[in-house]
Amino acid sequence: MGGIYALIAVGLTLIFGIMRVVNFAHGEFLMLGMYLAFWAFTLLSLDPWFVLFVSIPLFFGIGLVTYALVMKGVILASHNVQIFTTVGLSTALQNLALVLWSGDFHTVRPWHALTPVRLAGTAFNLSQVVAFVIAVTLTILLFLFMRRTHTGRVMRATAQDRDAAILMGIDTDRVYRLTFALGIAAVGAAGVLVSPLYAVYPTAGLQFVLLSYVVVVLGGLGDMVGALIGSLIVAAVEVAGSYFFGTAWKEIFYFLLFIGVLVFRPAGLFGQRGAETLGM
Amino acid sequence: MSRRLLVAAVLTLVAVTTGWLVAVFAQSGEYKIGVLEPLTGPLAGEGKRHLEGFEIVRDLINERGGVMGKKLSFVVADVPDPTAAASEANRVITRENVKIVTGTFSSRLCGAASEAAARHNVIYWETSCVDPRFNKRGLKNVYRTEIDATGFGWYNIDFIVKHLAPRFNLQPSQLKIAFISEDSSYGQGVTESAVARAKEVGLQVVGGVEYYNFQTINDMTPIIVKLKQLNPDVVHHIAYTNDAPLFWRQAREQNFLFKALVHAGATGYGSSDFGKAVGNDGNGVFALLEPGPGFKVESLKPDGQKIEKDFRDAVQKRTGSYPLGSHQLAGGGLWLLKLVLDKSQSDDPDKFRAAVMSLDLPVGTMINGWGVKFNETGQNSNERVQHYMLQWQNGQLVSVWPEEFTTNRAKWIPLGAWDARK
């Protein structure tokens with residue numbers, strides 16, 4: 001499960017960490033990625049692994065359009081306005097999916113969805129293993145992009161101090177647009193990759209989105225590697241809690257962890273001190 | 001009185017009078033009831049099928065003269081959650097002026113909707129939810145046509161003891177059963193009654209009940225690992241939506257082998273969504289429901305045969321398929337409402353209640369082969385709401401038990417290896 005959480009959280013940590021926008025519609029972009037995989041599989045018999053290559057540019061474009069139509073207008077507004085806007089976007093996307101594709105549960109069943117991989121007495125699903133590998137790869141690529149490229153440095157500078165970035169001649173609107181589009185491309189890709197594992201329906205994103213926030217806070221806002229490690233920690237807490245105390249307890253444990261991190265180390269387990277207020 | 005005040009008073013009077021005239025005129029040819037369904041949100045799939053069942057039987061009723069001499073019509077409201085169920089019940093009662101409210105498919109919704117209706121002294125007619133607390137709140141005008149959860153638990157254990165144990169060559173006292181369930185009042189109600197009944201009849205209940213939230217569960221592996229260690233013969237799993245295919249897929253991945261899985265209700269394994277999600281990999285799962293393909297209509301009383309055939313034909317015509325669980329629950333419940341209104345000829349709560357209590361129809365006289373005998377709490381007798389065990393066989397849920405009512409026979413007992421269930 002850690003790999004799946006990481007895939008979803010990487011996009012969120014970008015948007016949350018750099019733009020400082022609490023995007024409550026993140027789960028709905030995941031759901032749209034799942035629907036893309038479902039329709040491509042049902043109508044064109046395309047494997048989700050192939051659809052992944054189409055989804056990244058497609059969702060990058062969707063991110064750009066959403067930024068221009070919705071996010072640009074609220075990027076400098078108060079957190080309350082941003083929250084109301086993204087909750088509204090979330091509800092609108094859910095209901096759009098409901099109108100277009102009904103509330104029925106759909107399933108994507110490529111060959112790898114039913115292929116178990118057995119390792120040292122434990123079984124994994126091949127789709128899940130591949131999702132994990134892609135999550136790690138994507139995280140490393142984004143990490144290198146942020147650290148090694150000029151654009152990455154510009155994005156980090158904007159996150160740290162928007163006003164100083166403007167004074168240095170950085171086009172912050174362009175940075176936010178790129179950040180949002182990258183975040184949506186990442187979560188769209190996550191939706192495609194998890195489609196063989198979970199049913200596809202209009203509210204499919206809800207079960208992951210809150211948990212992604214836990215991961216992002218745990219790992220440190222805007223920290224890609226932190227998000228990956230945070231995902232593994234949340235998944236481990238969840239599994240251990242479920243096994244030893246019962247499934248009903250699992251959310252209690254990871255939300256206690258969430259509260260504990262917010263109280264004692266608000267920058268996250270791996271984020272640099274002050275990142276929660278300043279940026280990365 | 002100033003001129004402005006006079007104009008305002010006249011306009012108000014005109015508006016009120018017009019509204020009243022419109023309401024009277026609109027009601028003269030038709031009789032409206034409120035229908036609350038989850039048409040959006042996680043229960044939307046079943047909610048829509050449930051509404052479809054209501055609409056099909058509404059048309060059957062209108063072809064036969066309607067109710068109380070009027071054409072039956074619906075005021076439909078979307079109730080995705082309990083808050084919406086209460087507020088929409090209030091709205092249809094106060095704004096649409098309905099005297100009877102029905103719905104709601106789900107045990108998550110029926111409690112809130114019926115409380116709201118009861119506050120207005122309006123009749124609440126539930127056709128599907130099975131929450132055992134529903135009829136234990138002392139609400140005089142609240143009725144339920146469907147079995148309650150204790151009945152589900154009782155039927156399931158009866159099936160396991162009478163049908164499965166002999167096929168496993170086990171005495172009931174040798175049979176190990178494990179319980180997992182989603183944690184709403186539906187899952188808890190069915191599971192608690194099944195656990196109690198299992199202990200009564202001497203089954204070995206292994207482990208505690210594993211409860212989980214169906215809306216947030218995304219990994220069943222920890223439960224499956226625990227169950228593997230307990231090694232049960234039968235898994236009793238009450239699932240709601242996505243949790244059924246998730247458990248089944250992960251049980252297969254983990255190569256968790258057991259002899260049978262038994263569910264109850266039109267959700268989870270009892271929903272057509274399960275078949276779509278897992279295809280023939282779902283072969284062998286049991287779900288307690290209304291009658292499915294293979295059911296012998298001739299086993300019903302003559303009245304029951306006629307209406308059951310008409311209902312099936314109408315569903316076939318509209319959907320192209322055999323009635324699904326949600327169609328049957330809504331259809332059976334609405335037809336029973338028509339029988340009550342035929343008798344009471346009134347929606348006055350006291351006259352309506354007298355008509356409900358006077359109905360005494362044996363099993364086999366209604367849609368789904370149900371009978372009718374309400375008790376003082378407004379619950380149709382569990383014994384009269386005959387249920388049947390269905391099994392997934394090659395992508396279709398078919399009736400398999402009691403065997404005297406069906407031409408199909410249960411297969412894969414015990415369930416073999418995962419790849420051998422063809």
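Student: What percentage of the 422 residues of chain B count as buried?

Tutor: The model under discussion is predicted. A residue is taken as buried if 20 or more other C-beta atoms lie within 10 Å of its own. By that criterion, the share of the 422 residues of chain B that count as buried is 55%.

Student: How many helices and strands are there in chain B, and what is its radius of gyration?

Tutor: Chain B has 12 helices and 13 strands. The globule rule gives 22 Å for 422 residues, and the value for chain B is close to this, so the chain is as compact as a globular protein of that length. Its radius of gyration is 23 Å.

Student: Which strands stand at the edges of the open sheet of 5 strands in chain B?

Tutor: The order of the strands in this sheet is E2-E1-E3-E4-E5, with parallel pairing. An edge strand has a single partner, so one of its sides is left without a neighbour in the sheet. In chain B, the strands in this position are E2 (71–78) and E5 (142–144).

Student: Which residue of E3(B) stands opposite B:Leu36?

Tutor: Strand E1 (residues 30–37) and strand E3 (residues 100–103) of chain B run parallel and are joined by 3 bridges. Opposite B:Leu36, in E3(B), stands B:Gly103.

Student: At about what angle to E2(B) does H2(B) run?

Tutor: Helix H2(B) lies across two strands of chain B, E1 and E2. Relative to E2(B), the helix runs at about 170°.

Student: Which helix supplies the largest share of the side of chain B that touches chain A?

Tutor: The contact takes 21 residues from chain A and 28 residues from chain B. On the side of chain B, the elements that each supply at least two residues include helix H2 (44–63), helix H7 (221–230) and helix H8 (243–253). The largest share is 4 residues, and it comes from H7(B).

Student: Why does the distance between the end C-alpha atoms of helix H4 (residues 79–101) of chain A agree with its expected span?

Tutor: At 1.5 Å a residue, the 23 residues of this helix should span 33 Å. The distance found agrees with that expectation, because the end C-alpha atoms of H4 of chain A are apart by 32 Å.

Student: What covers the buried residues of H4(A)?

Tutor: The buried residues of H4(A) include A:Gln82, A:Thr85, A:Thr86 and A:Leu89. Residues three or four places apart in an α-helix point the same way, because there are 3.6 residues a turn. What covers the buried residues of H4(A) includes two helices of chain A, H2 (26–44) and H3 (48–71).

Note on methods:
Residues are numbered from 1 along each chain as its sequence is written. Chains are lettered from A and ligands numbered from 1 in the order in which they are written. This is a predicted model: local features need pLDDT of at least 70, side-chain atom pairs count only at pLDDT 80 or more; totals for chains, interfaces and linings use all residues. Two residues are in contact if their C-beta atoms, placed from the backbone, lie within 7 Å. The expected span of a helix is 1.5 Å times one less than its number of residues. A residue is buried if 20 or more other C-beta atoms lie within 10 Å of its own, exposed if 12 or fewer, and partly exposed in between; C-beta atoms are placed from the backbone. Two strands pair if DSSP finds at least two bridges between them. Axes are lines fitted to C-alpha atoms, for helices over the stretch in contact, and angles run from 0 to 180 degrees between N-to-C directions. The radius of gyration is taken over C-alpha atoms; the globule rule is 2.2 Å times the number of residues to the power 0.38.
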